[in-house]
Each structure stands twice: as structure tokens, then as C-alpha cells.
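Open the model in a viewer and keep the selection panel at hand. The stops below go from the pair of chains to one chain, and then to each DNA strand.

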Protein chains: 2
Amino acid sequence: MTLADKPARERILLTAHDLFYRDGIRATGIDKVIAESAISKVTFYRYFPSKNALILAFLEYRHRRWIDWFNDALQRHGAKPGEGLRPLAAALAEWFSNPVFRGCAFINITAEMGDAIPGVLAICQHHKQDMLAIIADLLPDSAARMTLANAAAVAVDGAIVKAQLESTQVNTKTKVALQSLEVILDALDKSVLASTNAQVP
Amino acid sequence: MTLADKPARERILLTAHDLFYRDGIRATGIDKVIAESAISKVTFYRYFPSKNALILAFLEYRHRRWIDWFNDALQRHGAKPGEGLRPLAAALAEWFSNPVFRGCAFINITAEMGDAIPGVLAICQHHKQDMLAIIADLLPDSAARMTLANAAAVAVDGAIVKAQLESTQVNTKTKVALQSLEVILDALDKSVLASTNAQVP
DNA sequence: GGGGATGTAGACAGATCTGTCTACACAGGG
DNA sequence: CCCTGTGTAGACAGATCTGTCTACATCCCC
């Protein structure tokens, strides 16, 4: 595998990412990360002084990786600044259909541990803030912009959770999650038009 | 405390509920449940043959308790069948402001463990199905009814997650979560009117 | 050739977790 | 009076987890 060629620290981080994301934090022991990334215990502790340090590094890495993917997917699905929320659904459809999809790592770790490890919650809030900023960019400038962006972000998180609950279900896939998201995004896009055109019935 | 008077099984279940909900499943050891509910180990294992059995019992109990609260809160905030989604926001506001609020137990356990314990996912899906049915009851009968109910349910789950991320934040409370939910619910209620009146611009 | 950085293998301590087991207490009904 | 059901206290086995430590191997640059 190509992973074996990479430097030790990166190999650890990539392995930890896959295991933490798939199985959860507490369910993943350090020994498993060490075995799976084919390094020794000493090497591991040279790069990460503790499991907590690895968890924080995992979150930073996941954040960068997810945000990069998100921007790229939106681009690929025709997102343009100020032109509406619709590409969000197409981008997320891509994610939800990925076989390793298991929800949002930041929602998951908050659900699992709250702020048991200091700093985790702040990272999660920061992640959601960055997602919000990207969503806001899709909306035209108006007084209601951030209100609508927040609403869209809530809808996105709801759809992620719904897809996560659906995804393990036999054959149902994530259709309801996506359809529901589209319904909400359309309604929000319409209310943008209504507010910019001042045409509220 | 009044808890001490209750029969052993109920005492165990109530204690486990509080600990599981607050700290998560894996973070809560059996020993802690036993110590906190002031019973002995033998008594515990008489009522629950394993930790998994306790987890499943916790989920059943939590389901009944939450659904009962949900119905009651909607009633108290003026929900009437077919008359719109608005009371949802008021009911959830009540929950979010509860100091022990830590999100949806079913979203949390799915985030933490997926389906590592057989049966858990099915219970979570069942819970969300029941929530959906209650939400659908707020909407008037129409072709779009279940589509809109699903969208509202996704918005509710999104708001729950948002409130959970906000709630530990200093002083910000759950304002954005609730405001976002209201924006979505209003947009959905409006699209009900539009579809029933056939007045799509 | 020598030294430092980087690596491996694996034993170990100490903690924690689940689940079982022994030994004992006590109340109520036949 | 004794038996059964229900309870307590706590030792224990066996597993697993984090983090440390020793002893040894390799490689690259000076």
C-alpha cells in the first residue's frame, strides 16, 4: 500500500483518522492504532505524547480535510457566491453515498464525549463556524443573510444525522435525508427571493 | 431522596439513565451505576444479565419518557392536529434550556457506537419514526404532508445538535439553534399554505 | 568508522472494566 | 422452625487500556 511509504507521523494520523471516525474514540485503543499503522509503541509516543494529543491532532486533520472536500464538492456542483443553497444538497449527496460515511466527526465526538477532553468542544464549534461561513457565501448579501445561513447549517446538520441513522439501514440509503434537505433549502432560497424582492404575501 | 424508596430495578434504571445520558455509554462503568444506585453487584446482575441489557433497557425507558414529554410539551404550547409546526419550537426551547440537556440520547448513542450493540440502531430508528409521526400530526392532510414532516424532523434534529454544541458554550445559550429552527418551520408552514392554496408564484 | 536520529519488539506497571463467586443477613409464609 | 426470596459486602478472574522502559537494529551524514 501507498500508506507504508509515508513518514511515520502521517501514517499514524491517517490510521487513527480511519479508526476514530469508523469506530468512535473510546472504542479505539492506542494499541489498535499502533498495530494498524505498523509502527512501534516508542515511535508512536515520540510523535504523540498521549492519546488525547492524538485525538486533538485527528480533529485538526479531519477539519482541514473535510473543509477542503466541502469547498471542492461545492465548486464541482456549480456553487457560485450569492447564487443560492441548492449545490449544498448535491455536495452532501456525494458524501452520504460514500461507503465509509458515518456522520460528522465533530457531531459524533461531541455526542460521545462532550467536553471530557478540554479543547474538543472549541474545535467542534470552530469547525461548524467555518462550515457556516462557507454556506453564508452561497447567499446574496442581505439583512437576513446570516439568519438564513444559520438555518441552512442547521438543516445540513440535521440531514447529516438523518443520513447516519438511515445509512446502516438495509437498502433505504439516504434518500429521505437528502429529499428533506432539498425541501428546506428550496424553502430558504425562496424566502431569500421574497425578502430581496419584498414580496411577502 | 425519594429514589431510595423505589424498588431496586427502577432505582438502577433511573441511575443508569442519568449517567448514560450525561456521560455517554462507554464512559459509564457498571460499577459506577451500582455505587450510585446504592445496590449490590449481585442485585444488579439479577435484574440485568449484562451491561448490554441495561443499555437496551435504558433506551426503551428513555424513548417512552421522551415521547411522553414531547407530546405533553406540544399540548402545553398549543399544538393542535393540522394547525402547523410552530409549537415545535416552543416545546424544544423548554428542553434546550434544561440544565441537564445533552442532546438526543438516540443520536448520541448512534454517534458513539453505531450498531456495535445489535438492536441499538433499530431502536433509534424506531424512536425517530415515532417523533416523525407526532410531527406529521401537526400538519394538515395533503400530498406533501409526509415530505414536509420529514423535513421538519430533519430541522428538529439539526436544532438539537446545534443546541448541544452551543449549550456548553459560555452564555450564548441556544438562541441560534432555536431561531434557525423557527426560520425553517415558518418556511415549511408557508409552503403548506402555498401547496394547499395552489398559489405557487 | 562513529554517532545521532529513527526505528522495532515486547515486557511491564497500574488502572479500569465486566461478570462470577463466596459468605453472610434477614424477613415472611407454610 | 425452616425455607425461599431478596438483599449486602467484597474478593476474584480475565480482559483491555494507557503509558514507560529496556534492549537491540538500521541508516545517513560527518
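**Stop 1: the two protein chains**

Select chains A and B: a turn of 180 degrees with a shift of 0.0 Å along the axis lays chain A on chain B with an RMSD of 0.0 Å. The superposition is by least squares on the C-alpha atoms of residues with pLDDT of at least 70 in both copies. The two copies are therefore related as by a two-fold rotation axis. To find that axis, select A:Gly158, which comes closest to it among the residues of chain A, with its C-alpha at 1.8 Å. Both copies use the same surface, as 100% of the contact residues of chain A recur in chain B; a contact means that the C-beta atoms of two residues, placed from the backbone, lie within 7 Å.

This is a predicted model, in which local features need pLDDT of at least 70 and side-chain atom pairs count only at pLDDT 80 or more, while totals for chains, interfaces and linings use all residues. Residues are numbered from 1 along each chain as its sequence is written, and chains are lettered from A and ligands numbered from 1 in the order in which they are written.

**Stop 2: chain A alone**

Hide the rest and colour chain A by secondary structure: nine helices and zero strands appear. Helices (H or I, at least four residues) and strands (E, at least two) are DSSP runs, numbered from the N terminus. Chain A has 201 residues, and 39% of them count as buried, that is, with 20 or more other C-beta atoms within 10 Å of their own, all placed from the backbone. Of the contacts in chain A between residues at least 6 apart in sequence, 60% join residues at least 24 apart.

**Stop 3: DNA strand D**

Select the residues near strand D (C-beta, placed from the backbone, within 6 Å of the strand). There are 15, and the closest are A:Gly29, A:Ile30, A:Lys51, B:Ser40 and B:Thr43. At least two residues each come from α2 (30-36) and α3 (41-47) of chain A and from α3 (41-47) of chain B. Which element gives the largest share of the surface near DNA strand D? It is α3(B), with four residues.

**Stop 4: DNA strand C**

Move to DNA strand C, which 17 residues surround; A:Ala8, A:Ser40, A:Thr43, B:Gly29 and B:Ile30 are the closest. Two or more residues each are given by α3 of chain A and by α2 (30-36) and α3 of chain B. Here α3(A) has the largest share, four residues.

Note on methods:
Buried ≥ 20, exposed ≤ 12 C-beta atoms within 10 Å, placed from the backbone.
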